[in-house]
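Dear colleague,

I am passing on the structure below, together with some notes on what turned up in it. Please look it over first and then read on.

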Amino acid sequence: MILPGELTLGKCIPHTAKDIKECVADKKIGISEVVEVFPLWEEYWLMEIDSQVSSPLKKASYEKATGAFPNSLRLWCDYIRFLIAENADRDIIRSAYTSALHYCGHHFNADSLWDIVLEFEKLDRSVLLKLYLQLIAIPLYEYNRFYTQFIEIGKSYELSDIIDETTLESYAEGFGHKSVDGLTLVERHQAFDDFAYKRHQKTQSQVVAKWEYEEKLVDQKFTLKPVDASRWWDYIAWSRSHDAVADAISVYERALIVLGLSPKIWLSYIAFLNQSGASKETQEKVFERASATALWDDVDDLGPRLRILWCQLSQKNDLLGQWLDTLATTSPRPQSAIFQLTQALIPGISNLEEAIKDPKFPTESLAVLIVAYLKTLDTAAVRKFYNDHICTTSKLTSMLKRSELFWKFIVEYEGFRHYNMQNLTVVVSAITATRQLPKGSRQAILATAESMCRANNGCTVLMEPAALPEIARRHVAHPGIIREHIPEIANPQFGHTRLSADFDVISAAPPLPQFKNVEKSSTQIVPQQ
């Protein structure tokens with residue numbers, strides 16, 4: 001298992017849970033750093049919350065914890081209890097428990113969460129009934145207790161509040177009535193008992209079936225140690241085969257706590273959500289959680305974790321860049337890995353140029369891949385790539401010229417990394433010459449280049465090619481008066497279009513312009529004696 005570099009602070013290089021605990025105790029690592037890298041580690045979230053000294057800070061910590069770790073039953077229960085104890089607004093509490101039930105309501109051991117919610121809503125009869133109707137259809141470990149509670153309160157409600165109209169009409173026909181209004185009190189109670197009994201039989205059978213898998217789950221908390229994943233995968237396969245999407249999602253969410261460091265479980269979960277028709281927003285949230293949780297623990301097997309990126313690749317280019325940077329630092333063969341990434345996203349291609357042929361592949365995402373690839377090359381190879389695809393026409397030329405990310409990389413590569421002002425001037429000339437790049441992006445990149453140039457001995461050659469000659473012509477006869485006759489520049493200032501391969505020499509600014517036809521200016525300025 002490769003632990004993230006963010007946890008390597010000073011002399012503390014943790015490799016196990018015990019190492020991390022000792023580093024936290026010695027204050028070499030902050031608790032917030034642990035939960036940032038391992039968002040499924042419930043123990044440290046509780047420590048982070050307990051360390052807060054005021055109610056607003058605790059509330060903020062609870063919100064952060066449940067946002068990063070929404071499948072934690074313990075965190076949700078503690079959070080709702082905290083809100084109730086603080087006399088928070090009822091709408092805030094209802095919003096919190098609604099989210100809690102969404103993520104954890106189908107948890108086999110969610111009785112503690114349901115108890116809190118039912119107690120909170122016990123005075124609101126309408127809401128309470130809706131909760132019980134939802135609850136008696138969920139296979140929980142303590143299902144019979146909740147079913148008994150429902151039977152006790154159910155007969156105090158109107159039958160039409162519990163049973164849908166179509167089912168009620170069938171009960172009326174069974175008792176020999178033409179309408180529901182003809183049902184007597186005894187018949188209404190019998191209809192209620194029959195409805196509740198059928199619901200109980202169905203749900204109880206699911207409880208028994210789930211128990212076969214539940215009793216085998218030894219590991220149910222986050223751990224850095226290897227676990228027997230086969231039991232969770234068997235449980236997932238069973239839950240998916242029973243067409244109960246909510247129950248299957250619940251099993252997935254619980255499995256993520258134990259297996260979430262591996263991209264495989266996230267891949268399977270996202271694929272299931274897609275197949276079950278989950279909303280795009282839901283899939284994106286899971287994707288974001290996957291990117292923050294799964295580690296690069298199987299460097300040689302890139303396929304599964306790379307396909308996770310493809311789920312929302314076109315909308316997540318910044319995130320993709322971060323993952324690729326991580327890949328470059330953890331993989332012993334980053335170039336091969338990035339090419340495998342491209343092949344995973346577009347099966348059957350053999351190189352980056354072939355990727356542009358696929359109309360479904362987002363071109364800006366391809367630029368992200370290319371930049372990541374260029375970061376793994378030596379200087380000569382980077383400049384050769386630029387000359388091959390920018391100075392001459394290739395299948396990638398059009399895409400690269402309109403990619404802000406690519407131009408930003410090249411400018412920073414020549415300006416910040418190599419301080420090569422000659423090549424930087426060539427790049428700026430190319431940027432100002434292309435109109436495929438949006439004006440705002442072009443101006444931002446040129447501003448960055450100008451700042452690099454000024455920091456490099458006050459060089460000012462990075463103005464747009466058309467701007468410097470124009471200013472020079474208008475001021476050659478006198479530095480403050482624009483002349484009617486404009487002299488011409490004899491020596492070209494921006495004649496280079498290719499990057500120089502000589503990266504060991506820091507080039508100075510080009511020579512000052514030399515003019516012809518200066519004598520034709522309408523007014524001659526005589527120097528003072």
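The structure holds 15 salt bridges, and please keep in mind that the model is a predicted one.

One of these pairs joins R383 and E414, whose side chains meet in a salt bridge with a distance of 2.6 Å from N to O. The pair links distant parts of the chain, since R383 lies in helix α22 (residues 379–391) and E414 in helix α24 (residues 404–417), 31 residues apart. Both R383 and E414 are buried.

Two other pairs have partners that are not buried. The side chains of E119 and K122 form a salt bridge at 2.7 Å, N to O; E119 is partly exposed, with a relative accessible area of 48%, and K122 is likewise partly exposed, at 46%. R145 and E142 also meet through their side chains in a salt bridge, here at 2.6 Å, N to O, where R145 counts as partly exposed at 30% relative accessibility and E142 counts as partly exposed at 26%. In addition, a network of salt bridges links R90, R94, E121 and D124.

Turning to helix packing, helix α3 (residues 42–50) and helix α5 (residues 73–85) pack at an angle of about 20 degrees, with their axes 10 Å apart. Because angles under 35 degrees count as roughly parallel, α3 and α5 are roughly parallel to each other. The contact is made by E42, W45, L46 and I49 on the α3 side and by R74, L75 and D78 on the α5 side, and these residues divide into four nonpolar, no polar and three charged.

With best wishes

Key. Residues are numbered from 1 along each chain as its sequence is written. This is a predicted model: local features need pLDDT of at least 70, side-chain atom pairs count only at pLDDT 80 or more; totals for chains, interfaces and linings use all residues. Side-chain values use heavy atoms; hydrogens and water are left out. Axes are lines fitted to C-alpha atoms, for helices over the stretch in contact, and angles run from 0 to 180 degrees between N-to-C directions. Helices (H or I, at least four residues) and strands (E, at least two) are DSSP runs, numbered from the N terminus. Angles under 35 degrees count as roughly parallel, over 145 as roughly antiparallel, 65 to 115 as roughly perpendicular and the rest as oblique. Contact means heavy atoms within 4.5 Å. Ala, Val, Leu, Ile, Met, Phe, Trp, Tyr, Cys and Pro count as nonpolar, Asp, Glu, Lys and Arg as charged, and the others, Gly among them, as polar. A salt bridge is a side-chain nitrogen of Lys or Arg within 4 Å of a carboxyl oxygen of Asp or Glu. Buried means under 20% relative accessible area, exposed over 50%, partly exposed in between (1.4 Å probe, protein chains only).
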